[in-house]
Amino acid sequence: MEATGRTALCLCSFLFILTEVSSEYIHIPSLVHHGTEGKPLLLPVETHFQLDEVEIQGTWSHTTTSGTRTTLVTFTKNATITDMMYRNHILFREPNVSLLIRKLNRDDEGNYHLNLNIQFHNKKEPVIKEKRTVQVMVDVPVSTPVIEKYPSYAVVEDKGNVTWTCSVERGTRVVFQWLRDNVPLGPRERYQFSHNNSMLFISPVRKEDKGTYRCVVSNRISRAQSSKAMELIVYYGPYNLEVNSGQGLRTGEVFTINPGELVFFECQADSNPPNSYVWISKSHNTTQVINEGPRLEVLSYRLAQAEEYMCRAFNNVTQKQDETQFTLVVASLGTGKEKHMQEGSSVSPLAAITVCSLFIIGCMLLFLFKRTCHPKRVLMSIYKRPLAEQKQPHRSGHEDASEDFGIYEFVSIPGKMESAQASCRSLARFESVQDMHTTIYDVIRHVPETPSHSLLK
């Protein structure tokens, strides 16, 4: 048992040493090479031995993508034989046994096999065999894609299907991407893609599928190329049917208008192609078509207190229809409008009324003041007096006439009543001649001097 274990250990050590030595003789940096059509490609090989110490014999062969294998070149240390079919297409490089493809084409794609036999001089070792396989991929720049749609005409939602195809004249390992309105498309419930994404199948078509479609292609050596845009037209609807009006007051599905008001209603719905509209009046458990088209005109004085209407939209292509009902009520909107104005206005009506009342009271006070006092006449009577008279000293002994204004009290002096009565009679005669609006200043100025002197004595 112990002897068997030692034998197995020695055998494993020998194989490990043999493999290690063998792996040091040649080395290929990369086992996969990407080349571009029309350009050269080198398959490099690194040798880890001295050529003058060994004898070598080997071949380079090519297996196409279809499985056909062809020997390209056979070589030894001193001679090289190249297949005549590839003499101008490949070049064998010594001494490192590398292979150069002068100008790549699509047929050069596939696997390249290197078989090498190595025999060292002055050594009793067996011939060493080395085998390597290199994969070559030829990339072709991608051309501008072309898209097609089947059917080419518009389709009806929920009934039609659409197939999109994207193709290129040139290009290898092309990556396809579909866009609708510049938004990338991915797998979803109604979308099916081919294995390389070059085909898109939509079933069934719906409203949200309408838009502009494009196909974008690229590969590892080409920038993204976009196809021309193609529009998908979908017949759909009607959707979101509603009735609107710019007159009256709307509460839910009830429109309230003033008596005698002319009202216009608009019926709208999302649809392609546009809908045909019918207006129906419902009263006394009967229906009657009153108008056709998206617009309805109603004269409120022809209505009763309330009446029901219905707008019906119909798509002639999709054969779908929708309808909506509303009630028209004839009533005075004065209170409602005032309330609406109060809610929408930043100034309350009470404040406006207060301001207007104050303004009117002020105007009335100003009018009464002007009618009673006549300020214009007072000023004119002052400025029309002769200048000498204005400068004459006052009998009262004051230097300024403005100091004479005030409340005066007549005092009766015993023994002098006759003089006072005479003075009063003189004042009465003067007032009958003067204007009734003569100022106090004027009254004092026209008092006779004699009675005044008699009163002072």
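This section describes the disulfides, the remaining cysteines listed with them, and the strand pairing around β29 in a predicted model.

Two disulfides are found in the structure. With the bonded cysteines of the protein chain numbered in sequence order, the pairing follows the pattern 1-2, 3-4.

One disulfide is formed by Cys 166 and Cys 215, whose sulfur atoms lie 2.1 Å apart. This pair links distant parts of the chain, with Cys 166 placed in strand β14 (residues 162-167) and Cys 215 in strand β19 (residues 211-219), a separation of 49 residues. The torsion about the S-S bond of Cys 166 and Cys 215 is about -85°, and the disulfide is therefore left-handed. Cys 166 has a relative accessibility of 6% and so counts as buried. Cys 215 likewise counts as buried, because its relative accessibility is 0%.

The other disulfide joins Cys 267 to Cys 311, with an S to S distance of 1.9 Å. Cys 267 belongs to strand β25 (residues 262-272) and Cys 311 to strand β29, so that the bond ties together parts 44 residues apart in sequence. A torsion of about -105° about the S-S bond of Cys 267 and Cys 311 makes this disulfide left-handed. Cys 267 is buried, with a relative accessible area of 2%, and Cys 311 is buried at 0%.

Two further cysteines were assessed for accessibility. Cys 356, at 46% relative accessibility, counts as partly exposed, because the partly exposed class lies between the limits of 20% and 50%. Cys 363 is also partly exposed, with a relative accessible area of 38%.

Strand β29 (residues 306-315), which contributes Cys 311 to the disulfide with Cys 267, also takes part in strand pairing. Strand β26 (residues 276-283) runs antiparallel to β29, and seven bridges join the two strands. Within this pairing, Lys 282 stands opposite Glu 308 of β29. Strand β30 (residues 320-330) pairs with β29 over ten bridges, again in the antiparallel sense. Here Phe 314 is positioned opposite Gln 321 of β30. The two strands β29 and β30 form a hairpin with four residues between them. In the turn of this hairpin, Gln 319 has a positive phi of about 60°. Strand β29 is thus described by antiparallel pairing with β26, by antiparallel pairing with β30, and by the disulfide linking its Cys 311 to Cys 267 in β25.

Notes: Residues numbered from 1 in each chain as written. Predicted model: local features only at pLDDT ≥ 70, side-chain atom pairs only at ≥ 80, totals over all residues. Heavy atoms only, no water. Pairing = 2+ DSSP bridges. Disulfide = S-S within 2.5 Å. Buried < 20%, exposed > 50% of the residue type's maximum accessible area, 1.4 Å probe, protein only.
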